[in-house]
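Here are some comments to read alongside the model, set out as numbered points. They begin with a term that the later points rely on.

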Amino acid sequence: VFSAYTYSKQLNVGLVLKIDRKEVEWPLFVVLLIVLFTALGITAAGIVVLVVSSRYMLNTMEESWEKGRQAVEEQKQSFHRLVLAMYPKFASEQLLLEEANIVMEVPEATVLFSDICNFTALTNTITASAMLEWLGYTFGVMDTVARYYKIYKVKTIGD
């Protein structure tokens, strides 16, 4: 009886082949041995290829997952910065804690709406750089006054 055995530690897989020479003619036995060793070689090579390719795919998937996780974390941080910039501190903290009802009683409040009259017509009479300089100065003064009096400015919007 002839026995052959191969084993892959990575996959924990083994292959056993037994041939009884008495039941097989000698030339056929030699051919079977050649086929056996070829098959064992191919099987071992196939197992190695399978293990290597599986590890490569796993590493690629892990890298892709990590990049996705980092992108989500960056988006989350960006969202937090945006919420903190848009809302008063008490409201932004509650929003970030995902509280559904954000209520604050304010006994007295003043709301200021301002408008630059004829702004669109004005933009046609001066250069773009002069317009940006004037707007920067105008809104800069408003922001300075708001900070000085600790006024919460909701937003600045325009044309």
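1. Helices and strands are taken here as DSSP runs, of at least four residues for a helix (H or I) and at least two for a strand (E), and they are numbered from the N terminus. With that convention, V154 is placed in the segment after helix 4, which spans 128-148. The model under discussion is a predicted one.

2. On the overall architecture, the protein chain contains four helices and two strands, and, read from the N terminus, these elements follow the order β-β-α-α-α-α.

3. On confidence, the mean pLDDT of the protein chain is 76, and 64% of the residues score at least 70. Among the elements, helix 4 has the highest mean pLDDT, at 90, while strand 1 (residues 2-8) has the lowest, at 63. As a general caution, predicted coordinates should not be read in detail where pLDDT is low.

4. On burial and exposure across the protein chain, buried residues account for 12% of the 159 residues, and the chain exposes about 13,800 Å², of which carbon and sulfur atoms supply 62%. Where contacts are counted between residues at least 6 apart in sequence, 32% of them join residues at least 24 apart.

5. Which residues form a nonpolar patch on the surface? The patch consists of L82, M86, Y87, L95, Y152 and V154, which together have about 550 Å² of accessible area. For V154, the relative accessible area is 59%, so this residue is classed as exposed, the cut-off for that class being over 50%.

6. Is S92, a residue of helix 2 (residues 89-96), buried or exposed? S92 is buried, because its relative accessible area is 0%, whereas the limit for the buried class is under 20%. Once its neighbours within four places in sequence are set aside, S92 is in contact with V83, L84 and Y87. Of these partners, Y87 is also one of the residues in the nonpolar surface patch.

7. On aromatic pairing, the structure holds one aromatic pair. Y148 and Y149 form this pair in an edge-to-face arrangement, with 4.8 Å from centre to centre and 90 degrees between the planes. Y148 has a relative accessible area of 64% and is therefore exposed, and Y149 likewise counts as exposed, at 55% relative accessibility. As for position, Y148 falls at the end of the range given for helix 4 (128-148).

Technical notes. Residues are numbered from 1 along each chain as its sequence is written. This is a predicted model: local features need pLDDT of at least 70, side-chain atom pairs count only at pLDDT 80 or more; totals for chains, interfaces and linings use all residues. Side-chain values use heavy atoms; hydrogens and water are left out. Patches are made of residues with over 30% relative accessible area and no salt bridge: like charges are joined within 9 Å, nonpolar side chains (Val, Leu, Ile, Met, Phe, Trp, Tyr) within 5 Å. Accessible areas come from the Shrake-Rupley method with a 1.4 Å probe; for residues, only the protein chains shown count as cover. A salt bridge is a side-chain nitrogen of Lys or Arg within 4 Å of a carboxyl oxygen of Asp or Glu. Buried means under 20% relative accessible area, exposed over 50%, partly exposed in between (1.4 Å probe, protein chains only). pLDDT is the predictor's confidence in each residue, from 0 to 100. Contact means heavy atoms within 4.5 Å. Rings of Phe, Tyr and Trp (its six-membered ring) pair if their centres lie within 6.5 Å; planes under 30 degrees apart count as stacked, over 60 as edge-to-face and the rest as tilted.
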